[in-house]
Amino acid sequence: MTTKLDALINSLEGIETITDSTQVAKLSQDYHTFSPVLVPKLEGKVGDIVVRPANEAEVLKVAAACAKHRVPVTVRGAGTGNYGQCVPLHGGVILDMTRMQEILWVKPGVARVEAGVKLAALDKKTREIGWEIRMAPSTYRTATIGGFIAGGSGGIGSIQYGLLGDRGNILALRVVTVEDEPRAIKLRGDDVQKVNHAWGINGIITEVEIPLAPAYPWAEVIVTFDELMTAAKFGQALGNADGMIKKLISVFASPIPQYFHALQEYIPEGTHPVFLIISEPSLEFLPGLVQQYGGQITYKKPAEEAGKGIHLGEFCWNHTTLLARSVDTAITYLQSMFPRDSSLQLVERMYHHFGDEVMMHLEFFRVNGAVVPGALQLVRYTTEERLNEIIRYHEEQGVSIANPHTYIIEDGGRKVIDPEQLKFKEIVDPYGLMNPGKSKVLQFQIQN
């Protein structure tokens with residue numbers, strides 16, 4: 001590999017490269033440390049070199065060099081994923097896309113940007129003309145749009161617009177192949193699904209075109225309840241209120257709020273809070289709904305103070321896990337989807353069955369036109385065997401688990417990889433060099 005790398009480095013003159021072992025190791029990681037199962041499996045998995053292209057022409061040059069010298073390439077955004085998506089299993093090149101930060105254009109309802117643009121920067125730009133991005137992970141301040149599409153699925157905003165993979169939430173992608181003579185391929189419409197959420201195994205995303213949403217003035221609210229299931233039913237009712245515009249409905253079982261130090265004065269001990277981001281015009285209808293379910297509004301931040309101090313979006317989705325682990329590193333998490341026809345009944349069953357061993361954390365979002373709760377439960381980890389028992393019990397009861405304790409695409413929740421993605425990979429990555437080892441069905445071998 002040393003000879004190959006020397007030859008590769010020599011062919012990349014003029015492109016930023018990093019060979020310092022400490023820096024390379026740092027840029028070979030993501031937040032898979034959330035999982036005590038993944039930590040030992042990915043220990044010592046690092047790239048050999050980091051390359052930071054400044055534009056698509058440089059990406060094409062890197063792709064050609066990797067194909068010529070048969071060096072694996074793992075594409076990286078900000079590294080905010082949680083499953084080892086951008087951890088290289090076979091060394092090689094870490095392709096860091098964070099220098100490609102150009103916002104190419106913004107128009108009413110649509111934006112086109114380079115893959116390394118940070119979501120927060122894009123949102124700030126689009127708001128200048130009264131629009132905003134539809135959805136973002138809780139890591140939106142640092143996450144890149146390319147990384148979000150390759151490794152994410154939804155987040156803040158999904159209560160209104162569904163998941164990233166839903167038809168219409170990605171308009172177009174530009175993707176570079178890893179061939180002897182790399183190409184930049186344009187994908188539009190349904191064809192974007194050939195690359196969406198594929199963990200960078202079948203093309204290097206260089207540009208993204210996404211639809212935008214009207215930028216509402218967003219208020220932030222905390223509502224507390226004495227019973228978790230009352231809080232969950234309130235969340236469902238608010239989610240179903242189509243006339244009220246929402247961006248976030250997060251429900252937390254006590255004792256999760258103990259990990260929210262900055263907010264504890266607003267959450268009485270033993271209560272179960274619901275965090276809301278809701279449009280100010282819809283606020284007028286909130287007190288009546290809160291009263292109907294016996295809740296208490298304990299915190300309200302008007303839109304004019306947005307961007308100042310505390311932001312509820314950084315306590316939800318997987319930031320909840322991050323905050324809990326900053327206090328207790330023995331905590332890990334699950335990702336669960338409840339069936340539409342019995343969702344709250346199953347939430348209640350899981351909540352009472354596991355108690356504080358599996359602390360309930362719900363995020364409401366839209367799936368196939370209906371608002372349903374998903375869960376990112378906090379788990380008090382003891383052993384991998386017990387964790388698997390918890391997963392099995394959920395699945396036996398009809399709860400679908402997207403397992404965050406595996407780095408294999410199919411095992412993480414898909415069960416099978418999209419056949420169209422496999423066909424596309426055969427075209428764009430004939431030598432199997434892109435993020436190898438992340439799919440168990442791929443038969444490609446790195447050719448030495």
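# Close-up views of a predicted model

**View 1. In this predicted model, the charged end of Lys-107 is placed over the ring of Trp-105.** The distance to the centre of that Trp-105 ring is 4.3 Å. A second pairing of charge and ring is worth a look here: Arg-70 lies over the face of Tyr-431, 3.5 Å from the ring centre. To find Arg-70 along the chain, look in the loop between H4 and S3. Its backbone deserves a glance too, since Arg-70 is not a glycine and yet has a positive phi of about 55 degrees. For context, most residues other than glycine have a negative phi.

**View 2. Four strands make up an open sheet with mixed pairing.** Reading across the sheet, the order is S1-S2-S4-S3. Which strands stand at the edges? They are strand S1 (16–18) and strand S3 (73–76); each has a single partner strand, so one side of each has no neighbour in the sheet. On average, and with direction ignored, neighbouring strands in this sheet are turned by 25 degrees against each other. S3 and strand S4 (residues 93–96) run in the parallel sense and are paired over four bridges. In this view you can look for Arg-76, which stands opposite Asp-96 in S4. As a reminder, strands of a sheet pair through backbone hydrogen bonds, either parallel or antiparallel.

**View 3. Helix H4 (residues 56–69) lies across strand S2 (49–52), S3 and S4.** The helix runs at about 170 degrees to S4. Here you can also look for Cys-66, which is buried, with a relative accessible area of 1%. How far is the sulfur of Cys-66 from the closest cysteine sulfur? That sulfur belongs to Cys-86 and is 16 Å away, too far for a bond; a disulfide would need the two sulfur atoms within 2.5 Å. Searching the whole structure gives zero disulfides. In general, a disulfide is a covalent bond between the sulfur atoms of two cysteines.

**View 4. Eight strands form an open sheet with antiparallel pairing.** Their order is S14-S11-S13-S12-S18-S19-S16-S21. At the edges you will find strand S14 (296–301) and strand S21 (400–401), each of which pairs on one side only. Further inside that order, strand S12 (residues 246–252) and strand S13 (residues 272–279) run antiparallel and are joined by five bridges. If you would like one bridge to follow by eye, take Lys-246, whose partner in S13 is Ile-278.

**View 5. A cis peptide bond leads from Ser-254 to Pro-255.** Its omega is near 20 degrees. Pro-255 has its place in the loop between S12 and S13. Most peptide bonds, by contrast, are trans. A further backbone feature to visit is Trp-317: its phi is near 45 degrees, which is positive although the residue is not a glycine. Is Trp-317 buried or exposed? It is buried, with a relative accessible area of 13%, and it is found in the loop between S14 and helix H11 (319–327). Cys-316 also counts as buried, at 0% relative accessibility.

**View 6. The rings of Phe-34 and Tyr-333 are among the aromatic pairs of the model.** The search of the whole structure turns up 14 aromatic pairs. In this one the ring centres are 6.0 Å apart and the planes stand at 90 degrees, so the pair is edge-to-face. Phe-34 comes from the loop between helix H2 (21–26) and helix H3 (38–42), whereas Tyr-333 belongs to strand S15 (residues 331–333), so the contact ties together parts 299 residues apart in sequence. Phe-34 is buried at a relative accessible area of 4%, and Tyr-333 is buried at 0%.

**View 7. Phe-354 and Tyr-393 form another edge-to-face aromatic pair.** Centre to centre the distance is 5.5 Å, with 90 degrees between the planes. The pair ties together parts that are 39 residues apart in sequence, because Phe-354 lies in helix H12 (residues 343–354) and Tyr-393 in helix H13 (residues 384–396). Phe-354 is buried, its relative accessible area being 7%. Which residues form one aromatic cluster? Look for Phe-252, Phe-260, Phe-275 and Phe-315.

Note on methods:
Residues numbered from 1 in each chain as written. Predicted model: local features only at pLDDT ≥ 70, side-chain atom pairs only at ≥ 80, totals over all residues. Heavy atoms only, no water. Pairing = 2+ DSSP bridges. Helix = DSSP H or I, 4+ residues; strand = E, 2+ residues; numbered from the N terminus. Phe/Tyr/Trp six-rings, centres within 6.5 Å; stacked < 30°, edge-to-face > 60°. Buried < 20%, exposed > 50% of the residue type's maximum accessible area, 1.4 Å probe, protein only. Lys NZ or Arg CZ within 6 Å of the ring centre and 35° of its normal. Axes fitted to C-alpha atoms, helices over the stretch in contact; angles between N-to-C directions. Contact = heavy atoms within 4.5 Å.
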